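I opened this structure today to see how its parts fit together. My notes follow in the order I looked things up.

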Amino acid sequence: MADSIPLNPVRNNSKKAAYYNAARPVRYQSEDDISNLDEMPLMMSEEAFENEESDYHTLPRARVGHRRRGLGWFLCGGWKVLCGSCCDCLLRTCRRRKELKARTVWLGCPEKCEEKYPKNGIKNQKYNILTFVPGVLYQQFKFFLNLYFLVVACSQFVPSLKIGYLYTYWAPLGFVLAVTMVREAVDEVRRHRRDKEMNSQLYSKLTVRGKVQVKSSDIQVGDLIIVEKNQRVPADMIFLRTSEKTGACFIRTDQLDGETDWKLKVAVACTQRLPAVGDLFSITAYVYAQQPELDIHSFEGNFTREDCDPPVHESLSIENTLWASTVVASGTVIGVVIYTGKETRSVLNTSQSKNKVGLLDLELNRLTKALFLAQVVLSVVMVALQGFVGPWFRNLFRFVVLFSYIIPISLRVNLDMGKSAYGWIIMKDENIPGTVVRTSTIPEELGRLVYLLTDKTGTLTQNEMVFKRLHLGTVSYGTDTMDEVQSHIVQSHAQPCSVASSGTGASATPSHTATPSAPKVRKSVVSRVHEAVKAIALCHNVTPVYETRTGMAEAEGTEADQDFGDHNRTYQASSPDEVALVRWTESVGLTLVNRDLTSLQLKTPVGQILTFTILQIFPFTSESKRMGIIVKEEATGEITFYMKGADVAMASIVQYNDWLEEECGNMAREGLRTLVVAKKSLSEEQYQDFESRYNQARLSLYDRALKVAAVVESLEREMELLCLTGVEDQLQTDVRPTLELLRNAGIKIWMLTGDKLETATCIAKSSRLVARSQDIHVFRPVSNRVEAHLELNAFRRKHDCALVISGDSLEVCLRYYEHELVELACQCPAVVCCRCSPTQKAQIVRLLQQHTANRTCAIGDGGNDVSMIQAADCGIGIEGKEGRQASLAADFSITQFKHIGRLLMVHGRNSYKRSAALGQFVMHRGMIISAMQAVFSSIFYFASVPLYQGFLMVGYATIYTMFPVFSLVLDQDVKPEMALLYPELYKDLTKGRSLSFKTFFIWALISVYQGGILMYGALVLFDQEFVHVVAISFTALVLTELLMVALTVRTWHWLMVMAEFLSLGCYLASLAFLNEYFGIGRVSLGAFLDLSFIATGAFLWKVCVITLVSCLPLYIIKYLKRKFSPPSYSKLSS
């Protein structure tokens, strides 16, 4: 049926219509259509849409390949690309991955496996004993800054190049490396301990000789493993037996797919029927399993028992599997291992953690390259002015080392200490209690984010469903009128005649089912409410569990024993919506008390037990958007087909009505998740006919799913509409104001969830991720390139609308139109991706990083969010109901979603602005002393002699100026309350204006000006005391630096004032005690500082004049700028 649908054009264009409408079946469009597809224009603008000549090859992605790669490209970074490609190629050759194959696994016989499968160990470590030191050193020295320091430090071992003392170069470098190595070693030890703990967990393994204990890491493909209740499943297994008499068990999958609801798994019927566990070794059987795949929601395989005549064949699906990292929630299970280690679904969906580097570090790395270039140019100028005489090449290198302070090594130390300080400040903030900084290297990233990718379940929502609305067409019941529903249920069960009439109303007269168009008798409100509640109580996959009973009491309970106390009963299902509906039916009087694979029992308000036989179940799928059940009531023998589903799926199935569409819209606007409930009564003959056709379709080998769906669809016609339900998924505290705050800050929010499309859309509306007035474009399911092409063109026509797309459609679009899809999606105010696997979440993060070059943040709370969190530039984990896996893997851990507002607006903003100021100030500190050195060398006939040496150079970067400079980490331009009130301030940070080549150039000019004034001023004013030039210029330099800190600070803190006076005191003390360092280098031949000289008034006023001339003009410029062109934050603070 689907094959005959023609492909329709997006617009009425005769030429294109002729092409698109070629009535060819989609299934056979292979090579021919794909080759012609590039002629089909996927336009990115209105003008291009009208252009007949434009084709796919004119798009930006296609043009990338046509760039010329010449010498310029090679020098400007092309060599990096080539080296990277060669290394990747070499790594791929060395670590060639074994091809994943389908397999035949014999029960309990690992030795029969034809292939060698990976070990079942968990390994999260980055390094081993051999690779730790080289790995850490590589991570450090791949940055130009650190590599530069290493080369300069090594040069001091060459006598002809030695400028100063070795410790002045090696001590800071050694300190930085030691701190880094200790930090990495601690992290590695923690990871090793966690892995060892997981790999050492003991499991019972079934052998011919009985049970043996085996470590998790020693489990092999083919082993029969026993997993107890509340124990983690150690590897991917096929479910063979359970202690539950029903032949099914529940598992918890929160660490695999992020869903907190229990999933029902069914044992293989052939092995479950065996009398004893030991009989598993008396049969000859094997499992055929497909090759390992990423998809955690599907599986195809077969179970075959060969020692029977004829052999028994059973098809295996996802309901027969137990994936690794899930937890058994009921009974004891036995399974045969089919995938281990790297081939398990959980590991395949986990990306390798990477060493994250902040954007600020990359920007500083670029600036240090510019400084190095300036340093080399300055050295060449000095040698050129010498006239290239003598060993000029050696002199050139000496000048390079002499000017090496232009790139101060203290930059790395100061920034690392600053990052640690920011982390401490974040964790001590009382407004966001419980926040933990796990990665201390990237706090500035919190201030540069453009995209926030968030999980839904447990992150935006509490995953707690509450039944809110029941609508019957003419009457609606809300939370305040549920007592009326309860009284109607009590009334209907108190009068047996009304139950009979209401229960058999549709089937009492055969003409009603035979001729649906015949007029119906209008039912009373009581009978309609009863029918609706009964349908809700029966149409689901919920199982009641009685927790307080030991062992398997709930499975062994007799019918008479089913009226357990309500407080002992909990419900489990694959969807929290289902549980909310069943809890609501219990609250109004109709209680689900027992369920197994073949029957379920309801208790009425009067205590009567109604037993129903389950004949068929049609589970919910994302394609059908509905679920159905056929039940037979034992007391009356009635057979009824109940169905519930999304309004889009049910609208064409139910009989004509004039209220459904309107009421669904009303509920959706309230943020409720709607379900339409309908029923159809079947005669015995109708059901027998259906069952024979259904079983025949299920046995077919080709197009099984299509044939089964077609048979079920034959029942789904003219169903009686019973009611419309509305369930609310409660949002986390303050989700709406937090999302609004982030949007106003210029952050684009994408919601990536493994949940259903309807649910995701509903939450997007209720959380105000999508504004009420905003249109939503739901991307239709696409399966090939043609459909993706048409749908993208349709989406391109929409303006300012949110996008909702499923994981399957996303995968198809990314295969053919990656660039176009990302470009269109980035223009949307909000994007919702539903049915996303963990790998897809990480893939979307990487796509945004590649295509937009903006910083991304991922936030989630479950094990399925770990890949996304690790892939993002900044990962935030929430400690919630789904465990701590996401929290432990994240860079930052918070306790509630609302805390992200303060974390970004206040701490992220402050961290970035403080680090930008600190970095530039430290570079200014290096540039000013290099400018003074250049002036000094030029006076001494361009000799490569150091102006300051030994302790003075170390002291200048540490005790004399470090405390005031480092106190910039306490600076703030606006108060935290103001930053939260005006999130627009955050938007400026994403442009990177606090640290750019423009600001760097301004600081360089300031450094050259101040360095020149200090040196020339010292020489001009102290021409008679030339031997004291070191003390004179150094005193003025230290005072200038202290005043420059005061000029930079925007909000004073008592620690800043203390740091200024402490540094000044340290310097004055050193003048008295370290006077031997104040001679003019080696040319002074032992000239020492005269203490009586610095005590004179002339010395003091001349130093003050030099300092004022270097600083006063800058104060005046700053004052004028703030008066006539104030920055945005100063307007708010005033």
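I started at I900 and asked which residues it touches beyond its neighbours within four places in sequence. The list is L452, T738, L742, I859, I876 and I894. I note here that the model is a predicted one.

Next I looked up the core around this spot. I900 is among the residues with the most contacts inside the largest nonpolar core, together with I876, F892 and L904. That core has 94 residues. Which helix gives the largest share of it? Helix 32 does, with 12 residues. I also found another core, lying apart from this one. The second core has 41 residues, including Y477, M482, V529 and V582.

**Entry: the whole chain**

I stepped back for the totals. The chain has 1134 residues, and 53% of them count as buried. I counted off its secondary structure as 42 helices and 33 strands. Then I checked how far along the chain the contacts reach. Among contacts with a separation of 6 or more, 73% join residues 24 or more positions apart.

**Entry: helix 14 and helix 32**

I returned to helix 32, which spans residues 899-939, and looked at its packing with helix 14, residues 410-427. Their axes come within 10 Å and cross at roughly 160°. Are the two helices roughly parallel or roughly antiparallel? An angle over 145 degrees counts as roughly antiparallel, so helix 14 and helix 32 are roughly antiparallel to each other. The crossing of helix 14 past helix 32 is right-handed.

I wrote down who makes the contact. From helix 14 come S410, L411, N414, L415, Y422, I425 and I426. From helix 32 come L903, H907, S911, R914, S915, L918, G919, V922, M923 and R925. Sorted by class, this contact has 9 nonpolar, 6 polar and 2 charged residues.

**Entry: helix 27 and helix 28**

I then took helix 27, residues 785-796, and helix 28, residues 807-826. They pack at an angle of about 10°, and their axes are 10 Å apart. Angles under 35 degrees count as roughly parallel, so helix 27 and helix 28 are roughly parallel to each other.

On the helix 27 side, the contact uses R785, A788, H789, L792, F795 and R796. On the helix 28 side I listed V812, C813, Y816, Y817, L821, L824 and A825. How many residues of this contact are nonpolar, polar and charged? I noted 10 nonpolar, 1 polar and 2 charged.

**Entry: helix 7 and helix 12**

My last helix pair was helix 7, residues 144-155, with helix 12, residues 359-386. The packing angle is about 40°, and the axes lie 9 Å apart. That makes helix 7 oblique to helix 12. F144, L145 and Y148 of helix 7 meet N365, T368, K369, F372 and Q375 of helix 12. I sorted these contact residues into 4 nonpolar, 3 polar and 1 charged.

**Entry: two positive phi angles**

I turned to the backbone. D800 is not a glycine, yet it has a positive phi of about 50°. D800 sits in the loop between helix 27 and strand 29, residues 801-806. Is D800 buried or exposed? Its relative accessible area is 56%, and over 50% counts as exposed, so D800 is exposed.

A853 is not a glycine either, and its phi is positive, at about 60°. I found A853 in the loop between helix 29 (838-852) and strand 31 (855-860). With a relative accessible area of 63%, A853 is exposed.

**Entry: two partly exposed residues**

I looked up S487 and placed it in helix 15, residues 482-494. S487 has 39% relative accessibility, so it counts as partly exposed. I paired S487 with V526, which is 39 residues away along the chain. Their C-alpha atoms are separated by 9.0 Å.

N657 came last. This residue lies in the loop between helix 21 (647-650) and helix 22 (660-669). N657 has a relative accessible area of 22% and is partly exposed. How far apart are the C-alpha atoms of N657 and G473? I noted 8.7 Å, for two residues 184 apart along the chain.

Conventions:
Residues numbered from 1 in each chain as written. Predicted model: local features only at pLDDT ≥ 70, side-chain atom pairs only at ≥ 80, totals over all residues. Heavy atoms only, no water. Axes fitted to C-alpha atoms, helices over the stretch in contact; angles between N-to-C directions. Helix = DSSP H or I, 4+ residues; strand = E, 2+ residues; numbered from the N terminus. Parallel < 35°, antiparallel > 145°, perpendicular 65-115°, else oblique. Contact = heavy atoms within 4.5 Å. Nonpolar A, V, L, I, M, F, W, Y, C, P; charged D, E, K, R; others polar. Left-handed = near helix turned anticlockwise from the far one by under 90°. Core = buried A, V, L, I, M, F, W, Y, C linked by side-chain atoms within 4.5 Å. Buried < 20%, exposed > 50% of the residue type's maximum accessible area, 1.4 Å probe, protein only.
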